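Hi,

Here is the structure I promised to pass on. Have a look at it first, and then read my notes below.

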Amino acid sequence: MKKLSIVVATYNRAQSLLRTLDSVVAQTAPKGLWECIVVNNNSTDNTVELFERFAAEHTEWNLRMVLEQKQGLSNARNCGIGVAEGSYIAIVDDDETLEDTFVESYIDFFDAF
């Protein structure tokens with residue numbers, strides 16, 4: 001069972017998305033507890049290709065990309081939330097870098113309630 005779904009909406013920011021994903025796969029929490037959903041909001045750059053290459057190099061993590069055709073950050077985030085399998089959801093921007101204990105801390109915090 002997945003405890004946490006990380007939702008990352010992106011639009012034409014492939015390079016910053018890769019930096020974010022690097023920090024996602026550096027998480028110390030067990031991989032089976034969480035997933036990362038990247039929502040492609042109609043990117044016209046090489047976002048899809050770079051994500052596919054990254055995901056192919058990191059198959060042991062739960063990384064996936066979905067497409068939201070209706071433009072806009074809220075639409076993209078809602079799409080990610082709609083397909084999320086985790087009990088908790090973390091919205092992360094495509095230019096953020098997560099601390100390696102982000103997932104662990106997030107789960108611990110919400111499990112305390």
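**The strand in the middle of my notes: β2**

I'd begin with β2, where W34, C36, V38 and N40 point one way while E35, I37 and V39 point the other way, and every one of them is buried. That fits a general pattern: in a regular strand the side chains alternate between the two faces of the sheet. Keep in mind that this is a predicted model.

How many residues of β2 (residues 34-40) are buried? The count is 7 of the 7, so the strand is largely enclosed by the rest of the structure.

β2 has a partner in β1 (residues 4-10): the two run parallel and are joined by 7 bridges. If you want a spot to click on, V7 has I37 as its bridge partner in β2. To get from β1 to β2 the chain passes through helix α1 (residues 14-24), and this β-α-β crossover is right-handed.

β2 also pairs with β3 (residues 63-67), again in the parallel sense, over 5 bridges. Here I37 turns up again, with R64 as its bridge partner in β3. β2, helix α2 (residues 47-57) and β3 make up a right-handed β-α-β unit too.

**The chain as a whole**

Zooming out, the protein chain has 4 helices and 4 strands, and along the sequence they follow the pattern β-α-β-α-β-α-β-α. The C-alpha trace spans about 40 × 25 × 20 Å along its principal axes. With 113 residues, a compact globule would have a radius of gyration near 13 Å, and the chain agrees with that at 13 Å. Of those 113 residues, 42% count as buried. Contacts reach far along the sequence: among those with a separation of 6 or more, 81% are between residues 24 or more positions apart.

**Two loop asparagines**

Now for the backbone. Most residues other than glycine have a negative phi. Which residues have a positive phi without being glycine? N12 is one of them, with phi near 55 degrees, and N42 is another, at about 70 degrees. N12 lies in the loop between β1 and α1, whereas N42 is in the loop between β2 and α2. N12 has a relative accessible area of 27%, so it is partly exposed; N42, with 25%, is partly exposed as well.

**Aromatic rings**

There are 5 aromatic pairs in the structure. In one of them, Y106 and F110, the ring centres are 5.0 Å apart and the planes are at 45 degrees, so the pair is tilted. Y106 and F110 are 4 residues apart in helix α4 (residues 102-111), which means that about one helical turn separates them.

F110 also pairs with F109: the ring centres are 5.0 Å apart, but the planes are at 90 degrees, so this pair is edge-to-face. How accessible are these two? F110 counts as partly exposed at 33% relative accessibility, and F109 counts as partly exposed at 47%. Both belong to one aromatic cluster, formed by Y88, F102, Y106, F109, F110 and F113.

One last ring to look at is that of W61: the charged end of K31 sits over it, 4.8 Å from its centre.

Cheers

How values were computed. Residues are numbered from 1 along each chain as its sequence is written. This is a predicted model: local features need pLDDT of at least 70, side-chain atom pairs count only at pLDDT 80 or more; totals for chains, interfaces and linings use all residues. Side-chain values use heavy atoms; hydrogens and water are left out. Buried means under 20% relative accessible area, exposed over 50%, partly exposed in between (1.4 Å probe, protein chains only). Two strands pair if DSSP finds at least two bridges between them. A crossover is right-handed if, with the strands pointing away from the viewer, the path from the first strand over the helix to the second runs clockwise. Rings of Phe, Tyr and Trp (its six-membered ring) pair if their centres lie within 6.5 Å; planes under 30 degrees apart count as stacked, over 60 as edge-to-face and the rest as tilted. A charge sits over a ring if NZ of Lys or CZ of Arg is within 6 Å of the ring centre and within 35 degrees of the ring normal. The radius of gyration is taken over C-alpha atoms; the globule rule is 2.2 Å times the number of residues to the power 0.38. Contact means heavy atoms within 4.5 Å.
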